[in-house]
Amino acid sequence: MPPALEPPPPRAALARLIVRFRRQERRMVAALAAAQAELAEAQTAAVWAIDEPPMVRATLQGRCEALQSSCDDLAVDLSHLRLALAGAREELARHGAGTPPLATAS
């Protein structure tokens with residue numbers, strides 16, 4: 001027996017989902033920009049610390065690596081959110097056009 005398919009979400013629910021995704025996207029873009037600016041400052045400080053003791057340079061290098069990792073994670077999350085947003089927009093367009101929803105399309 002084939003699995004039961006879920007009914008497609010109503011058009012209003014898709015529109016609310018898109019609004020929520022767009023709001024999250026704006027927050028994530030701002031957070032990524034702030035993290036990238038902080039990373040640039042840390043990298044500048046690390047460059048200027050060439051004459052500092054090794055412990056100071058290691059601390060700055062560790063900070064740069066942590067910030068880079070954070071920027072990478074935010075960028076991946078933002079990409080995933082944008083894919084979800086694109087999917088929701090496509091589903092809304094298909095739902096409004098009277099075509100079968102993606103969940104049931106062959």
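In helix 1 of this predicted model, the buried residues are L14, I18, F21, E25, M28, L32, A35, L39 and A42. The helix that carries them runs from residue 11 to residue 48, and its length can be checked against what a helix of 38 residues should cover: at 1.5 Å a residue the expected span is 56 Å, and the end C-alpha atoms lie 55 Å apart, so the two values agree.

One name in that buried list, E25, carries a charged side chain and deserves a closer look. Its relative accessibility is 18%, and because buried means under 20%, E25 falls on the buried side of the cut-off. Side chains of opposite charge can pair when their charged atoms come close. E25 has such a partner in R82, with which it forms a salt bridge whose closest N and O atoms are 2.7 Å apart. This pair joins distant parts of the chain, since E25 belongs to helix 1 and R82 to helix 2, with their positions 57 residues apart in the sequence. The two partners are not covered alike: R82 has a relative accessible area of 41% and is therefore partly exposed, whereas E25 is buried.

A search of the whole structure finds two salt bridges, and the other one is formed by R63 with E38, where the closest N and O atoms are 2.1 Å apart. Here too the pair links distant parts of the chain, with R63 in helix 2 and E38 in helix 1, 25 residues apart. R63, at 39% relative accessibility, counts as partly exposed, and E38, with a relative accessible area of 35%, is partly exposed as well.

Helix 2, which covers residues 54–97, also holds acidic residues that can be placed relative to the buried positions of helix 1. D77 is located in helix 2 and is partly exposed at 41% relative accessibility; in sequence D77 and E25 are 52 residues apart, yet their C-alpha atoms are separated by 9.6 Å in space. E65 is likewise part of helix 2, is partly exposed with a relative accessible area of 47%, and has its C-alpha atom 9.7 Å from that of A42, although the two residues are 23 apart along the chain. A42, like E25, is among the buried residues of helix 1.

The surface, finally, shows a grouping of like charge. R20, R22, R23, R26, R27 and R89 gather there in a patch of positive charge, to which helix 1 contributes the most, with five residues. R89, by contrast, is found in helix 2, so that residues from both helices take part in the patch. Membership requires over 30% relative accessible area, and R89, at 41%, is partly exposed and therefore meets that requirement.

Key:
Residues are numbered from 1 along each chain as its sequence is written. This is a predicted model: local features need pLDDT of at least 70, side-chain atom pairs count only at pLDDT 80 or more; totals for chains, interfaces and linings use all residues. Side-chain values use heavy atoms; hydrogens and water are left out. Patches are made of residues with over 30% relative accessible area and no salt bridge: like charges are joined within 9 Å, nonpolar side chains (Val, Leu, Ile, Met, Phe, Trp, Tyr) within 5 Å. Accessible areas come from the Shrake-Rupley method with a 1.4 Å probe; for residues, only the protein chains shown count as cover. A salt bridge is a side-chain nitrogen of Lys or Arg within 4 Å of a carboxyl oxygen of Asp or Glu. Lys and Arg count as positive and Asp and Glu as negative; His and the chain ends are not counted. The place of a charge is taken as NZ of Lys, CZ of Arg, CG of Asp or CD of Glu. Helices (H or I, at least four residues) and strands (E, at least two) are DSSP runs, numbered from the N terminus. Buried means under 20% relative accessible area, exposed over 50%, partly exposed in between (1.4 Å probe, protein chains only). The expected span of a helix is 1.5 Å times one less than its number of residues.
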